[in-house]
Amino acid sequence: MPHPVCFSFDIEDWFHPELVRDRVAPSEARSIVREGTEAILDLLRARNARATFFVLGEVAARHPDLVRRIAFEGHEIACHGMTHRPLWRLTPESFRQELRDFRAAVRGALGADPSIGFRAPTFSLDRTTAWALGVLSEEGFRYDSSVFPLRVRLYGVDGAPLGIYRPASDDLTRHDAAGPIVEFPVAVASLGPLRLPVAGGFYLRALPLGLLCGAIERIRRDRPPALYLHPWECVPSLPRLALPPADAFVTYLNLGSVLRKLGRIVDRFASVPMREALERLGHLAPAA
Ligand SMILES: [Zn+2]
C-alpha cells in the first residue's frame, strides 16, 4: 500500500521569514496569519483531511482561539519555536527558553501542551546546529522535521538520508538506532543521481502540479512524503515589499495557485498528521 502524505503547516505571519523580517517595521506589520490559517483549515475540513501544524509560539500567544480550532478539528499541534529566530542565532540555553515559552503559550490556549514534534525556523537544523537535538529530547520532544536533505541557497544538509531515521549525536546525517529523536526529513525526490525538492513552499508553488504529483507518487511507495506550506502563501493579497529580485521571486511566485494545488494533492493522496504516521510505522510508540 502506498503511504498517505503528511502535510504540515508552519503557522507564522508573513513578516517572520528570514528574507522579509528585517525589512518590516513592526508598525506596518498587518497580521494575515489568521486569514491564511483559516483558509487552510476550511480546505482540510471540507476534505476530512488532517495534518500537522507547527505553530510559532508568538502566534499561539496572540491567537489562542486559532490554536484551539486547529486542535479541535483533529490536527496535530507541534512546535515552530517561539520567535522564529533560526537555530544559527541561538545557543542551547536560548533555544531551551524558546521551547519553554512555546509550551507556555500553547498551555495558555489549550490548558495542556500535547506537542512532541518540532520544526526549526528556516530549516536551520544542520551540521552546525545539531546540538539542538539533545535540547529537544531533554524538553520532551520526540521527533523533528527540520532536515532539508539537500543544500539550497539558505539551508539544507547535503548527504542526509531522504527517509525517516534517528540522527547520531555526532553526525546529523548518520542513523543511530539509539538516537533520542526521530527525524522526518521534508520530501526530496531522487531522480537517478539528482535530488529534487518537492516538499512545499517555493518548490510547491514553482513546480507544475503534474510533476509534483508524479514525484509524490514515487516517494510514497517508500515512505510518507512530508510536505509543507505557510499561511502567508495562502493569502494572495499578502503585503508586498520591494525585495531584491531573487528574494521577491522566491517569496511571491504563484501565490494564487497554492490553495488549488493543496486541494488537488490532498484529494489525490489523503493526508495524516506526522505523529500518527510515525506511530503507525513503528518509529514512535503510540501515545498512552
Ligand atoms: Zn517558519
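# Briefing on a predicted model

N48 is found in the loop between α2 and β2, and in this predicted model the residue is exposed, with a relative accessible area of 75%. Phi of N48 is near 55°, a positive value in a residue other than glycine. Most residues other than glycine have a negative phi. The points below take up backbone geometry, aromatic contacts, cysteines and helix packing in turn.

**Backbone and strand β1**

- A positive phi also occurs at F123, where the angle is near 45° in a residue that is again not glycine.
- F123 is placed in the loop between β4 (117-118) and α6 (132-138), and because its relative accessibility is 5%, below the 20% limit for burial, F123 counts as buried.
- F7 belongs to strand β1 and counts as buried at 0% relative accessibility, while its C-alpha atom is separated by 8.0 Å from that of R50, a residue 43 positions away along the chain.

**Aromatic contacts**

- The count of aromatic pairs comes to 12, and one of them is the tilted pair of F9 and F53, with 5.2 Å centre to centre and 40° between the planes.
- F9 lies in strand β1 (residues 6-11) and F53 in strand β2 (residues 52-55), so this pair ties together parts of the chain that are 44 residues apart in sequence.
- Both partners of that pair are buried, since F9 has 0% relative accessibility and F53 likewise has 0%.
- W14 and F15 form an edge-to-face aromatic pair, with 5.9 Å centre to centre and 80° between the planes, and both of these residues are buried.
- One aromatic cluster is formed by F123, F148, Y155, F202, Y203 and Y228, so that F123, the loop residue with the positive phi, takes part in this group of rings as well.
- The ring of F141 has the charged end of R103 sitting over it, at 4.1 Å from the ring centre.

**Cysteines**

- The structure holds 0 disulfides, and two of the cysteines, C6 and C79, can be followed through their sulfur distances.
- For C6, the closest cysteine sulfur is that of C213 at 16 Å, which is too far for a bond, given that a disulfide requires the two sulfur atoms to be within 2.5 Å.
- For C79, the closest cysteine sulfur is that of C6, and because the separation is 18 Å, this pair too is too far apart for a bond.
- C6 is buried, with a relative accessible area of 0%, and C79 also counts as buried, at 0% relative accessibility.

**Helix packing around α2**

- The axes of helix α2 (residues 33-46) and helix α4 (residues 64-72) come within 11 Å of each other and cross at roughly 15°.
- Angles under 35 degrees count as roughly parallel, and α2 and α4 are therefore roughly parallel to each other, with α2 passing α4 in a left-handed crossing.
- Helix α2 also packs against helix α10 (residues 258-269), at an angle of about 30° and with the two axes 10 Å apart.
- That angle makes α2 roughly parallel to α10, although the crossing of α2 and α10 is right-handed, whereas that of α2 and α4 is left-handed.

Methods: Residues are numbered from 1 along each chain as its sequence is written. This is a predicted model: local features need pLDDT of at least 70, side-chain atom pairs count only at pLDDT 80 or more; totals for chains, interfaces and linings use all residues. Side-chain values use heavy atoms; hydrogens and water are left out. Rings of Phe, Tyr and Trp (its six-membered ring) pair if their centres lie within 6.5 Å; planes under 30 degrees apart count as stacked, over 60 as edge-to-face and the rest as tilted. Helices (H or I, at least four residues) and strands (E, at least two) are DSSP runs, numbered from the N terminus. Buried means under 20% relative accessible area, exposed over 50%, partly exposed in between (1.4 Å probe, protein chains only). A charge sits over a ring if NZ of Lys or CZ of Arg is within 6 Å of the ring centre and within 35 degrees of the ring normal. Axes are lines fitted to C-alpha atoms, for helices over the stretch in contact, and angles run from 0 to 180 degrees between N-to-C directions. Angles under 35 degrees count as roughly parallel, over 145 as roughly antiparallel, 65 to 115 as roughly perpendicular and the rest as oblique. A crossing is left-handed if the near helix is turned anticlockwise from the far one by less than a right angle, and right-handed if clockwise.
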